[in-house]
Amino acid sequence: MMKGRLHSIETFGAVDGPGIRTVFFLQGCPARCAYCHNPDTWNPCGGREVELEEIVYRAKRGMPYYGSDGGVTFSGGEPLLQGKFLLEAIKALKAEGIGSAIDTSGTYFDEDSEAAIAAADMVLLDIKHIDPAKFHELTGRDQGPLFKLIEVINRLEKPIWVRQVIVPGFNDNEEYIEALNAFLSGIKTIRKVELLGYHNMAENKYEKLGIKYKLKGLAPMNREKLQRLSALTITA
């Protein structure tokens, strides 16, 4: 029986896709994003082992609340890092009438990724930064996986929500939003563009884990400015 590694489960999730959702945070991530608020998901050997039966059981418990829009979201960490398990989990949920979304960091792609994306109902794609150098500075990864994901999403015509974290002094200006809009103009199946304000609530977690927090001392994103920038996105 196929098994995966799970970090945690969130029930009644309302921000990781449409409707009410059960969110499975899979363990492991190749990126080291400066503002990551779950560094305890990085280690692919961390978390705990989980079988498909538990995924289905926990997802079915939320069915009375999903309605026509809700379902399951696989997040992380980076769920595509466990592509084979992810695919089988999505197929098992579909057999129960439960839809699935993949929330990907845009930093990983392998031979199993396309099949998982094809099986999912939608993708939530993080755009860390549109500039290659800034992308690498922020994540420690290059943009190759991001462009592979976009190519597959376009070819499969997969519905997509785009997420972009806005960091003070890094990409919090109108010029960046205009450039982001241009970058996204080639994706035809975007249903929503969401700007997320940087916050520093994970600093204490880094200290407890003995990991250096790269953005230590940086103030959270101003809400009013974030709203003004959000009004400029292509789907506003």
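Select D126 and display its contacts, defined as heavy atoms within 4.5 Å: leaving aside neighbours within four places in sequence, D126 touches D103, T104, S105, G106, L146 and R163. The model is predicted, so local features need pLDDT of at least 70 and side-chain atom pairs count only at pLDDT 80 or more, while totals for chains, interfaces and linings use all residues. Residues are numbered from 1 along each chain as its sequence is written, and side-chain values use heavy atoms, with hydrogens and water left out.

Next, extend the selection to residues 122–126, which form strand β6 and include D126. Strands (E, at least two residues) and helices (H or I, at least four) are DSSP runs numbered from the N terminus. Is D126 buried or exposed? D126 has a relative accessible area of 18% and is buried, since buried means under 20%, exposed over 50% and partly exposed in between (1.4 Å probe, protein chains only).

Now show the whole protein as a cartoon. Nine helices and eight strands appear. The radius of gyration is 17 Å, close to the 18 Å that the globule rule gives for 236 residues, so the protein is as compact as a globular protein of that length. That radius is taken over C-alpha atoms, and the rule is 2.2 Å times the number of residues to the power 0.38. Along the principal axes, the C-alpha atoms fill a box of roughly 45 × 40 × 35 Å.

Colour by burial to finish: buried residues make up 50% of the 236 residues. Of the contacts with a separation of 6 or more, 71% come from residues 24 or more positions apart.
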